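Reader: I have a chain in front of me and no idea where to start. Can you walk me through it?

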Amino acid sequence: MDASDYARRLPRTDEEWESLWASYDVRPVLAELRAAGEFDLDRVEWGRFHHWYGPADDVPGLLRALAGPDPEKAGNVRWTLWETVVHQGGTSGPAALAVPFLLRIAADPAVCHRSSALALAAWAGHRVNFVVETRSTLFQVGYPLGEIRIGASGERSDWALQAARAALGADAAILIDLVDDDDPDVRITAAFAVATALNLPPEADGVLRDRLAVEPEAAVRVSLVLAIEQLGADPSEAELWWRDPARPDDVRFAAAIAWLCLTDLPVPADLTNLLAELATPEMEQTIQRVPWPNYHFYDGLEGWLTGLIAGTPSDGTNER
């Protein structure tokens with residue numbers, strides 16, 4: 001909800017807003033947990049914070065069930081947890097608090113739904129994407145600088161998003177390991193999570209590139225290319241890749257998308273032709289496995305591409 005809309009519905013003084021926001025600010029709480037050196041579900045004051053359905057004191061039980069030995073229960077819980085803390089794409093304080101625990105669940109080979117846990121951790125730190133994406137928004141992770149977002153109980157959801165991204169970056173070692181995981185769905189999501197994180201270590205880029213050099217799965221290669229180019233923000237490299245006929249079609253396709261998002265230059269005809277040539281049913285199945293696109297507002301891959309090409313080029317407002 002937009003801050004001004006919320007303020008009109010629940011008018012408060014500036015001092016009341018500041019007090020409310022301070023009480024729900026998860027950033028110092030996560031910092032204190034990390035400083036303590038051990039992540040324990042019972043050390044978190046979950047009930048102090050609210051998700052989209054009320055106090056978050058139910059989140060520890062949901063996380064334990066997600067990591068538990070019962071596959072059916074874990075499968076049901078993953079959707080409950082997602083709907084509770086990242087409701088309709090909108091993050092919350094409890095979502096940010098859950099990130100370190102979700103990453104450790106995703107890293108446990110005994111867990112049944114590791115890619116789902118990892119995806120929830122990543123989307124806890126990503127802006128709402130229930131919008132028609134354009135060249136200017138596809139690589140936009142955070143909200144524009146200075147923009148206030150109000151969440152479920154009046155808290156600053158932009159602060160929660162920032163906290164979740166910082167938590168992803170603080171556990172970059174886990175994400176980097178997951179880029180080489182045996183499960184391709186985990187690898188796909190790990191690349192997206194790396195591209196979402198703040199304050200990555202210098203070796204992250206090299207890990208993504210090393211994985212791309214040996215990756216056999218098309219959807220993972222697409223995710224890796226988008227992550228590499230989003231983080232590197234180098235349209236010249238993206239152009240080299242999409243123009244290179246020796247590269248796999250999926251790599252060229254992803255590099256062409258990245259070039260669109262990284263430059264304000266007019267779209268050349270050969271890029272448009274390449275995307276049209278590569279937009280096959282097989283490519284659509286590949287892209288549907290990748291977290292970046294949102295198909296809620298499009299008529300398949302062709303409609304998504306049309307929106308991107310016609311959309312406004314990047315204006316440099318993406319918050320990293």
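**Reading the chain step by step**

Author: Buried residues make up 54% of the 320 residues in the chain. Keep in mind that this is a predicted model.

Reader: Which elements make up the chain, and how many are there of each?

Author: The chain has 17 helices and 2 strands.

Reader: What share of the contacts links residues 24 or more positions apart?

Author: Take the contacts with a separation of 6 or more. Of these, 69% join residues that are 24 or more positions apart.

Reader: What about the surface? How much of the accessible surface belongs to carbon and sulfur atoms?

Author: The accessible surface comes to about 13,900 Å². Carbon and sulfur atoms hold 51% of that.

Reader: Now helices. How do I describe two that pack together?

Author: Two packed helices are described by the angle between their axes and by the distance between those axes. Try helix α10, residues 184-196, and helix α12, residues 218-232. Their axes come within 9 Å and cross at roughly 10 degrees. Angles under 35 degrees count as roughly parallel, so α10 is roughly parallel to α12.

Reader: Which residues make that contact?

Author: From α10 come Pro184, Arg187, Ile188, Ala191, Phe192, Val194 and Ala195. From α12 come Ala219, Val220, Ser223, Leu224, Ala227, Gln230 and Leu231. By kind, the residues of this contact are 11 nonpolar, 2 polar and 1 charged.

Reader: Next, helix α4. How many of its residues are buried?

Author: Helix α4 covers residues 59-66, and 6 of its 8 residues are buried. The helix is therefore largely enclosed by the rest of the structure. The buried ones are Val59, Pro60, Leu62, Leu63, Ala65 and Leu66.

Reader: What do the buried residues of α4 pack against?

Author: They pack against strand β1 (50-51) and three helices: α5 (71-85), α6 (93-106) and α7 (114-124).

Reader: Let me try single residues. Is Ser157 buried or exposed?

Author: Buried means under 20% relative accessible area. Ser157 has 5%, so Ser157 is buried. Its place is in helix α8, residues 157-170. Leave aside the neighbours within four places in sequence. Ser157 is then in contact with Thr91, Arg149, Ile150 and Gly151.

Reader: And Trp304, buried or exposed?

Author: Trp304 is buried, with a relative accessible area of 3%. Look for Trp304 in helix α17, residues 300-310. Then find Asn294, which is 10 residues away from Trp304 in sequence. The two are 8.2 Å apart in space, C-alpha to C-alpha.

Reader: Is Ala276 buried or exposed?

Author: Exposed means over 50%. Ala276 has 59% relative accessibility, so Ala276 counts as exposed. Ala276 is in helix α15, residues 269-278. Its C-alpha atom is separated by 8.0 Å from that of Glu302, 26 residues apart along the chain.

Reader: I see cysteines too. What is a disulfide, in general?

Author: A disulfide is a covalent bond between the sulfur atoms of two cysteines.

Reader: How many disulfides does a search of the whole structure find?

Author: The search finds 0. Still, look at two cysteines in turn. Cys112 is partly exposed, with a relative accessible area of 40%. Cys261 counts as buried, at 4% relative accessibility.

Reader: Where is Cys112?

Author: Cys112 is in the loop between α6 and α7. The C-alpha atoms of Cys112 and Leu66 are separated by 8.2 Å, and the residues are 46 apart along the chain. Leu66 is one of the buried residues of α4.

Reader: Last topic: backbone angles. What is the phi of Asn199?

Author: Asn199 has a positive phi of about 55 degrees, although it is not a glycine. Asn199 lies in the loop between α10 and α11 (203-214). At 68% relative accessibility, Asn199 counts as exposed.

Reader: And what is phi of Ala233?

Author: Phi of Ala233 is near 50 degrees, a positive value in a residue other than glycine. Ala233 lies in the loop between α12 and α13 (235-242). Ala233 is partly exposed, with a relative accessible area of 47%.

Terms used:
Residues numbered from 1 in each chain as written. Predicted model: local features only at pLDDT ≥ 70, side-chain atom pairs only at ≥ 80, totals over all residues. Heavy atoms only, no water. Axes fitted to C-alpha atoms, helices over the stretch in contact; angles between N-to-C directions. Helix = DSSP H or I, 4+ residues; strand = E, 2+ residues; numbered from the N terminus. Parallel < 35°, antiparallel > 145°, perpendicular 65-115°, else oblique. Contact = heavy atoms within 4.5 Å. Nonpolar A, V, L, I, M, F, W, Y, C, P; charged D, E, K, R; others polar. Buried < 20%, exposed > 50% of the residue type's maximum accessible area, 1.4 Å probe, protein only. Areas by Shrake-Rupley, 256 points an atom, 1.4 Å probe, with all protein chains shown as cover. Disulfide = S-S within 2.5 Å.
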